[in-house]
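Hi,

Here is the structure I promised to pass on to you. Have a look at it first, and then read my notes below at your leisure.

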Amino acid sequence: METKLKRITELAKENPKRRFTSLAHLLNEENLRWCHHQLPAKRASGVNGTTKATYGEQLKENIADLVQRMKQKSYRPQPARRTYIPKEQRGKFRPLGIPEHEDKIVQKGMAPILNAIYEPDFLDCSFGFRPQRNCHDALKILNVYIEKRKTNYVVDADIKGFFDNVDHKWMMKFLEHRISDPSFLRLIARFLKSGYMEQLTHYPTEKGTPQGGLISPILANVYLHYVLDLWFERRVKKASKGEAYLVRYADDFVCCFQYEEDAQAFYEALRERLQQFGLELAEDKTKILPFGRYAYEREKRKGRKKPSTFDFLGFTHYCGQSKTGKFRVKRKTSKKKMGKKLKESKAWLRTHRHMDMKDIVERLRRSLQGYYQYYCITDNMDKVNEFYFEVENQFYKWMNRRSQRKSFDWEKFQCFLRKFPLPKPSIKVNIYELRSHISYIL
């Protein structure tokens, strides 16, 4: 399968106009069995309650039946089971879809095929859900555009409910640029229309990508490749009088401009562009702000101590100076993201405070290490240390509420931590180290 995918990528790269006519046959029994084994166990089940373990009890027969139904065109994805998770805003919840295990298998097989076709097409400004690219790469190139290029204005944009509002007709038209296999396209169309179940009621979906689907990220990239990336590269940049840059991670993106009039023109054009494809700009979350070396100097001359800032990928970006007094873009963990993570930590400690303390420490260690891997970047150590001390204080507080009597005072607690220490933060990512395998637009 890996060899076939590499061949698809080679063909896609050789001919940007090539349409692939035979893809559905790649979803064979061997490949789908491998997909089943690759899916994580002990995950929530879909509407039928089928888990990986129960499906695997008769795996050979189940996969054979699945392939037969796909060949007969009788396979139809089940609606996702809808549940809700808390949002950052207090009292608000985000809908989440949980697909059936069998549908996860099919999507697990489809995703690498779509990636093999479209990866050569995607532009360098796109970083989300792509192989060997991540959030830190997006932050690094954005840093270059602001510090080393003629960026004076930033458009911090937000698409309202992107994943819930993708237009199905446009989605299929975009896919048909590269795919002409009717069986494969039919599978995608059925996933788009599969809908969700809530309180025993089936709700069909007329727009949006599959909830919780493994193909949703790649479909989102395909959609925004045509709606935003190509448009910005071929139209916006050519129409701008000065320099213009786009950095996108999934539906989260930032645009940098040399001149304010170019930023204003883009803002107006963006609203119309999104409407054309069934999307809407979140006006309350989208703004044009002066940002960059000269903007920072202007703000200083005006005596403003707090120049403009913007949030991107969990970090608040602000203008600052190096130790030698040169202009620098700096980042710190956004207040909203840190607050959410601390609430999660507090809730877990409160609920699990009666566990063995060694087990609690082990859980906190894993959580902190994961947090450090993302947030321990250049200039952000003060905020990460602040987060560490907040977690340590939470641990002390809830361990003293394991019973009516205090378990220990602060001195004894520190003795315990010396014996069972929590990991301390250290720099994990240097924002100035660009990775060599990524073709940055410099």
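Let me begin with a single glutamate: Glu-386 has 36% relative accessibility, so it counts as partly exposed. Please keep in mind throughout that this is a predicted model.

What does the side chain of Glu-386 meet in a salt bridge? Its partner is Lys-383, with 3.5 Å from N to O. The two are separated by about one helical turn, because they sit three residues apart in helix α15 (residues 381–399). Lys-383 is partly exposed as well, since its relative accessibility is 24%.

There is a similar story in helix α1 (residues 2–14), which holds both Glu-10 and Arg-7, three residues apart, or about one turn of the helix. These two form a salt bridge whose closest N and O atoms are 3.3 Å apart. Glu-10, at 40% relative accessibility, is partly exposed, and Arg-7, at 42%, also falls in the partly exposed class.

Not every pair stays within one helix. Lys-241 forms a salt bridge with Glu-261, and here the closest N and O atoms are 3.0 Å apart. This one links distant parts of the chain, 20 residues apart: Lys-241 belongs to the loop between α10 (216–239) and β6 (244–249), while Glu-261 belongs to helix α11 (residues 260–276). Lys-241 counts as exposed, because its relative accessibility is 63%; Glu-261, at 47%, is partly exposed.

Over the whole structure, the search turns up 21 salt bridges. Some of the charged residues join up further: Glu-147, Arg-328, Arg-331 and Asp-379 are linked in a network of salt bridges. As a reminder of the background, side chains of opposite charge can pair when their charged atoms come close.

Asp-379 deserves a second look for its backbone. Its phi is near 80 degrees, a positive value in a residue other than glycine. Where is Asp-379? You will find it in the loop between α14 (357–375) and α15. With a relative accessible area of 27%, Asp-379 is partly exposed.

Phe-129 goes the same unusual way, as most residues other than glycine have a negative phi. Phe-129, which is not a glycine, has a positive phi of about 55 degrees. Its place is in the loop between α5 and α6 (135–147), and its relative accessible area of 42% makes Phe-129 partly exposed.

Now to the strands. Which strands pair with β1? Strand β2 (residues 93–98) is one of them, pairing with β1 in the antiparallel sense over six bridges. Within that pairing, Arg-82 has Gly-97 of β2 as its bridge partner. Strand β1 (residues 80–86) also runs parallel to strand β4 (residues 196–198), to which two bridges join it. In this case Arg-81 is matched with Met-197 in β4.

The inside has some empty space too. There are two cavities of 30 Å³ or more in the structure, and the largest cavity contains about 130 Å³ of space. Its lining is made up of 17 residues, and those closest to the centre are Ala-80, Ser-194, Gly-195, Pro-210 and Gln-211. Ala-80 belongs to β1 by its number, since that strand covers residues 80–86. Two helices, α5 (101–118) and α9 (182–193), each supply at least two residues of the lining. By class, the lining has eight nonpolar residues, eight polar ones and one that is charged.

Finally, the cysteines. How many disulfides does the structure hold? The count is zero. Why is there no bond at Cys-255? The closest cysteine sulfur to that of Cys-255 is in Cys-256, and at 7.4 Å it is too far for a bond, given that a disulfide needs the sulfur atoms within 2.5 Å. Cys-319 also has its closest cysteine sulfur in Cys-256, but the separation there is 11 Å, so a bond is again ruled out. Buried or exposed, what are these two? Cys-255 is buried, at 0% relative accessibility, and Cys-319 is buried too, with a relative accessible area of 9%.

Happy browsing, and do write back with your thoughts.

Best wishes

Note on methods. Residues numbered from 1 in each chain as written. Predicted model: local features only at pLDDT ≥ 70, side-chain atom pairs only at ≥ 80, totals over all residues. Heavy atoms only, no water. 1 Å grid on protein atoms, 1.4 Å probe; cavity = no way out; pocket = protein on both sides within 12 Å on 5 of 7 lines; lining within 4 Å. Points joined across faces, edges and corners; volume = space filled by probe spheres on them. Helix = DSSP H or I, 4+ residues; strand = E, 2+ residues; numbered from the N terminus. Nonpolar A, V, L, I, M, F, W, Y, C, P; charged D, E, K, R; others polar. Pairing = 2+ DSSP bridges. Salt bridge = Lys/Arg side-chain N within 4 Å of Asp/Glu carboxyl O. Buried < 20%, exposed > 50% of the residue type's maximum accessible area, 1.4 Å probe, protein only.
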